[in-house]
Amino acid sequence: MALDAGRPHKLRWGELDEDDGGDLDFLLPPRVVLGPDENGIKKTIEYRFDDEGNKVKVTTTTLVRKLARARLSKRALERRSWPKFGDAAREDVSSRLTMVSTEEILLERPRAPGSKAEETKAAGDPLAAIGKAGAVLMVCRTCGKKGDHWTSKCPYKDLAPQTDGFIDRPAAAETAASSGPSKGTYVPPGLRPGAERSGTEMRRRNDENSVRVTNLSEDTREPDLHELFRPFGPVTRVYVAVDQKTGASRGFGFVNFVNREDAERAINKLNGYGYDNLILRVEWATPRPN
DNA sequence: GATGAGCGG
């Protein structure tokens with residue numbers, strides 16, 4: 001760069017170590033750092049080519065320690081006068097007091113297959129051997145059965161009302177009911193003292209109050225469906241099937257109601273209803289398999 | 001004519 005025959009230009013930082021001339025730097029002696037000495041004076045000696053291509057020596061003097069000293073505690077200052085020990089006593093470490101650790105540190109993932117935690121568990125628990133793929137972790141919170149199904153798939157999940165033995169009625173709720181609110185324990189509104197308990201109808205899962213809507217126009221989205229069905233009663237879920245790739249509506253969707261009666265009224269009212277130039281079909285959805 | 005995605009303690 002500096003030796004360019006053409007007009008020299010100032011080197012910008014982005015050009016340093018680039019291949020447009022910077023590679024001549026290897027011809028220069030290495031940079032030398034001296035100190036800091038007892039007065040905190042650090043000297044840096046380096047060489048570079050000037051604009052005319054001449055080798056020049058550049059000496060930089062910096063005051064290091066005086067600045068730092070102002071912030072050092074008495075105790076720290078005292079430590080500085082200690083004789084060197086350990087590695088520092090054996091080496092010249094004036095310019096490298098910090099070292100890179102070569103110690104190998106293994107990070108352990110608690111549930112990684114083959115990890116220690118996993119092996120110990122598998123050895124102790126016979127059930128763990130059966131469901132290595134994580135099935136053992138599958139303990140139904142409704143019926144307590146292990147390794148068979150998730151809570152959401154429990155064959156008893158629709159059974160109502162649930163008995164005290166079941167897990168999803170926290171023991172804390174009973175305590176709260178008898179002795180007032182206990183600190184730090186959330187009690188869902190339905191389990192609070194004085195909450196209405198209207199037996200089977202209330203506790204019933206509403207999965208089957210699912211209404212299928214077909215012949216939707218391309219640009220009907222979930223909010224539109226919600227607007228359309230909301231007047232009939234509380235809606236728990238609105239879904240419009242979309243093509244995963246294109247994002248375009250597939251022209252059908254589902255609406256779930258809290259109450260079956262509302263769903264029924266919606267079907268009766270909206271089936272055959274003209275919406276967005278199309279005639280809607282609204283009917284009971286057959287529950288999704290699985 | 002057409003029947004959804006995702007998530008695990």
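pLDDT is the predictor's confidence in each residue, on a scale from 0 to 100.

**Figure 1. Confidence along chain A of the predicted model.** Averaged over chain A, the pLDDT is 70, and 54% of the residues in this chain reach 70 or more.

**Figure 2. The residues around DNA strand B.** There are 17 residues around DNA strand B, and those that come nearest are Arg141, Trp150, Arg212, Arg237 and Arg288. Of the strand B atoms that come within 4 Å of the protein, 25% belong to sugar and phosphate. When the residues of this surface are sorted by character, six are nonpolar, six are polar and five are charged.

**Figure 3. Side chains that meet the bases of DNA strand B.** An N or O atom in the side chain of Arg237 lies 2.4 Å from a base nitrogen of DNA strand B, while the corresponding distance from the side chain of Asn215 to a base nitrogen is 3.3 Å. For Arg212, a side-chain N or O atom is 3.0 Å from a base oxygen of the DNA strand. Two or more residues of the surface near DNA strand B are given by each of strand E4 (210–214), strand E5 (235–242) and strand E6 (249–257), and E4 supplies the largest share, with three residues.

**Figure 4. Two stretches where pLDDT stays under 50.** Over residues 65–69, where pLDDT stays under 50, the model has six contacts beyond four places in sequence. Residues 110–133 also stay under 50, and for them the model has 18 such contacts. Where pLDDT is low, the predicted coordinates should not be read in detail.

Conventions:
Residues numbered from 1 in each chain as written. Chains lettered and ligands numbered in written order. Predicted model: local features only at pLDDT ≥ 70, side-chain atom pairs only at ≥ 80, totals over all residues. Heavy atoms only, no water. Near = heavy atom within 4 Å. Polar contact = N/O pair within 3.5 Å; in protein donor to acceptor, adjacent residues only side chain to side chain. Helix = DSSP H or I, 4+ residues; strand = E, 2+ residues; numbered from the N terminus. Nonpolar A, V, L, I, M, F, W, Y, C, P; charged D, E, K, R; others polar. Contact = heavy atoms within 4.5 Å.
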